[in-house]
Amino acid sequence: MAVARAARSGLNGLFAVYKPPGVAWFRVRDTVETLLLKELNSLEQPVVQQQVRFVPTTVEGNAGKELTLVATQLPVLAAHPLVRGPKFTSLKIGAGHRLDTKSSGVFVLAVGHGNKLLIDLYNAHLTRAYTVRGLFGKATDDFSDTGRLIEKTTFDHVTRDKLERILAVIQGSNHKALLTYSNIDLKTQEAYELAVEGLIRPMEKSPPLITAIRCLQFAPPEFQLEIQCLHETQQYLRKIVHEIGLELKSTAVCTQVRRIRDGFFTLDNALLRTHWNLQNIQNSIQESKIKVKLELQRSLGYQSRSGKRHTDMDQVAESELQSTEGTFASNLTDKMR
């Protein structure tokens with residue numbers, strides 16, 4: 001039993017897994033919990049407690065067979081594993097910034113006392129990075145390639161230069177919005193120090209903001225973007241692809257949204273499905289523990305210096321789920337004019 005307790009004591013912290021597309025985030029969380037519980041319960045079992053019982057037994061006596069009581073050690077059935085069931089029946093596993101069913105990539109989970117760190121992770125407002133694939137020539141009702149087809153258009157006139165000009169406009173308009181929501185006087189020493197440390201970002205609820213966007217691949221009709229952002233949803237990123245198509249006098253749908261970084265967790269830290277076991281998860285928690293502590297202190301220390309209040313998890317969840325339609329389109333249209 002000491003082995004199982006020691007194993008569970010190592011399950012306190014944050015770790016990342018790779019969520020495949022087509023699977024809901026809560027299925028991933030529940031699968032990890034099920035696998036951990038199964039492994040914990042398969043470890044060394046406690047010795048079943050024994051008790052002395054007088055058991056009636058027949059023995060050969062002078063007058064033939066006689067009934068007598070014999071002291072015998074028997075297991076306490078109430079404590080037997082087959083009676084009481086598994087020792088570990090639940091683990092407190094929390095989910096970080098969620099991914100919708102169509103998306104894939106880095107998905108941060110917390111176990112045990114690590115759930116408290118999830119609150120700090122939300123309050124730190126760290127950026128996340130995605131690779132987003134698009135396809136020119138089609139428009140659908142949900143901006144994805146699996147949605148209901150609404151329109152087909154030509155795309156022969158679209159060039160990489162035109163695409164990159166649109167991306168530059170997007171980044172410029174979002175950069176101004178980033179400074180606005182950060183509530184920082186750019187003429188102060190504090191703003192300079194935060195810019196050097198890369199900490200200029202909203203520390204309260206804000207609309208989705210893109211901090212960087214670039215084209216990784218351009219092979220019409222297909223293209224791939226890398227987007228770094230804050231307070232986004234995956235549906236918002238699909239809408240970005242849709243709006244880019246419109247600005248290029250064509251249409252576009254999103255074929256893939258893949259998160260490659262969530263704060264300080266990257267693809268290199270994300271455990272694949274075949275590695276979702278007790279030992280690998282414990283190792284991942286230990287390897288990231290120092291990095292988690294330093295990065296959270298760095299980000300949350302800025303809030304202490306600037307007097308920003310912490311945002312609770314309910315506010316953040318509300319921010320991530322809010323409707324974003326119109327925000328990007330209006331900013332981009334104004335810029336293009």
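**Exercise 1. Burial and overall make-up**

Work out what share of the protein chain is buried, and how the chain is built up.

*Solution.* Start with the burial count: of the 337 residues in the protein chain, 43% are buried in this predicted model. Next, the secondary structure, which comes to 10 helices and 13 strands. Then look at the contacts with a sequence separation of 6 or more: 74% of them join residues 24 or more positions apart. Finish with the outside of the chain, where the accessible surface is about 17700 Å² and carbon and sulfur atoms own 53% of that.

**Exercise 2. How far to trust the coordinates**

Find the mean pLDDT of the protein chain and the stretch where the pLDDT is below 50.

*Solution.* First the average: the mean pLDDT is 84, with 80% of the residues at 70 or more. Now the weak stretch: residues 305–337 have a pLDDT below 50, although the model gives this stretch 58 contacts beyond near neighbours in sequence. How should you treat those? Where pLDDT is low, predicted coordinates aren't for reading in detail.

**Exercise 3. Mapping the nonpolar cores**

Identify the residues that touch the most other members of the largest nonpolar core, and the helix that gives the most to this core.

*Solution.* Keep the background in mind: nonpolar side chains in soluble globular proteins tend to be buried together. Here the largest nonpolar core has 47 residues, and Val-17, Val-32 and Ile-244 touch the most other members. The top contributor is helix α2 (residues 25–42), which puts in 6 residues. Zoom in on Val-32: leaving out residues up to four places away in sequence, Val-32 touches Phe-15, Val-17, Ile-93, Leu-109, Trp-276 and Ile-281. There's also a second, separate core of 16 residues, with Leu-14, Leu-118, Phe-265 and Leu-296 among them.

**Exercise 4. Aromatic pairs**

Count the aromatic pairs, then classify Phe-136 with Phe-223 and Phe-264 with Phe-265 by geometry.

*Solution.* The count comes to 4 aromatic pairs. Take Phe-136 and Phe-223: their ring centres are 4.4 Å apart with 25° between the planes, and planes under 30 degrees apart count as stacked, so this pair is stacked. What does the pair tie together? Phe-136 sits in strand β6 (residues 128–136) and Phe-223 in strand β10 (residues 222–230), so the pair links parts that are 87 residues apart in sequence. Both Phe-136 and Phe-223 are buried. Ring pairs also bring in Phe-218, giving a cluster of Phe-136, Phe-218 and Phe-223.

Now Phe-264 and Phe-265: at 5.2 Å centre to centre and 45° between the planes, the pair is tilted. Phe-264 is buried at 9% relative accessibility, and Phe-265 is buried at 1%.

**Exercise 5. Helix α5 and its partners**

Check whether the ends of helix α5 agree with or depart from the expected span, then place Ile-166.

*Solution.* Helix α5 (residues 160–182) has 23 residues, which at 1.5 Å a residue should span 33 Å; the end C-alpha atoms are 32 Å apart, so the two agree. The buried residues of α5 include Leu-163, Ile-166, Leu-167, Ile-170 and Leu-178. Ile-166 is in α5 and counts as buried at 3% relative accessibility. Measuring C-alpha to C-alpha in the model, Ile-166 and Glu-247 are 7.5 Å apart in space but 81 residues apart in sequence. Right after the helix, Asn-183 takes a positive phi of about 55°.

**Exercise 6. Backbone exceptions**

Which peptide bond is cis, and is Lys-249 buried or exposed?

*Solution.* The reference point first: most residues other than glycine have a negative phi, and most peptide bonds are trans. The cis bond joins Pro-220 and Pro-221, with omega about 10°. Pro-221 is in the loop between β9 (209–219) and β10. On to phi: Phe-143 has a positive value near 70°, lies in the loop between β7 (138–140) and β8 (149–152), and is buried at 12% relative accessible area. Lys-249 has a positive phi of about 60° and lies in the loop between α7 (234–247) and β11 (252–262). At 66% relative accessibility, Lys-249 is exposed.

Methods. Residues are numbered from 1 along each chain as its sequence is written. Side-chain values use heavy atoms; hydrogens and water are left out. A nonpolar core is a set of buried Ala, Val, Leu, Ile, Met, Phe, Trp, Tyr and Cys residues joined through side-chain atoms within 4.5 Å. Buried means under 20% relative accessible area, exposed over 50%, partly exposed in between (1.4 Å probe, protein chains only). Helices (H or I, at least four residues) and strands (E, at least two) are DSSP runs, numbered from the N terminus. Contact means heavy atoms within 4.5 Å. Accessible areas come from the Shrake-Rupley method with a 1.4 Å probe; for residues, only the protein chains shown count as cover. Rings of Phe, Tyr and Trp (its six-membered ring) pair if their centres lie within 6.5 Å; planes under 30 degrees apart count as stacked, over 60 as edge-to-face and the rest as tilted. pLDDT is the predictor's confidence in each residue, from 0 to 100. The expected span of a helix is 1.5 Å times one less than its number of residues.
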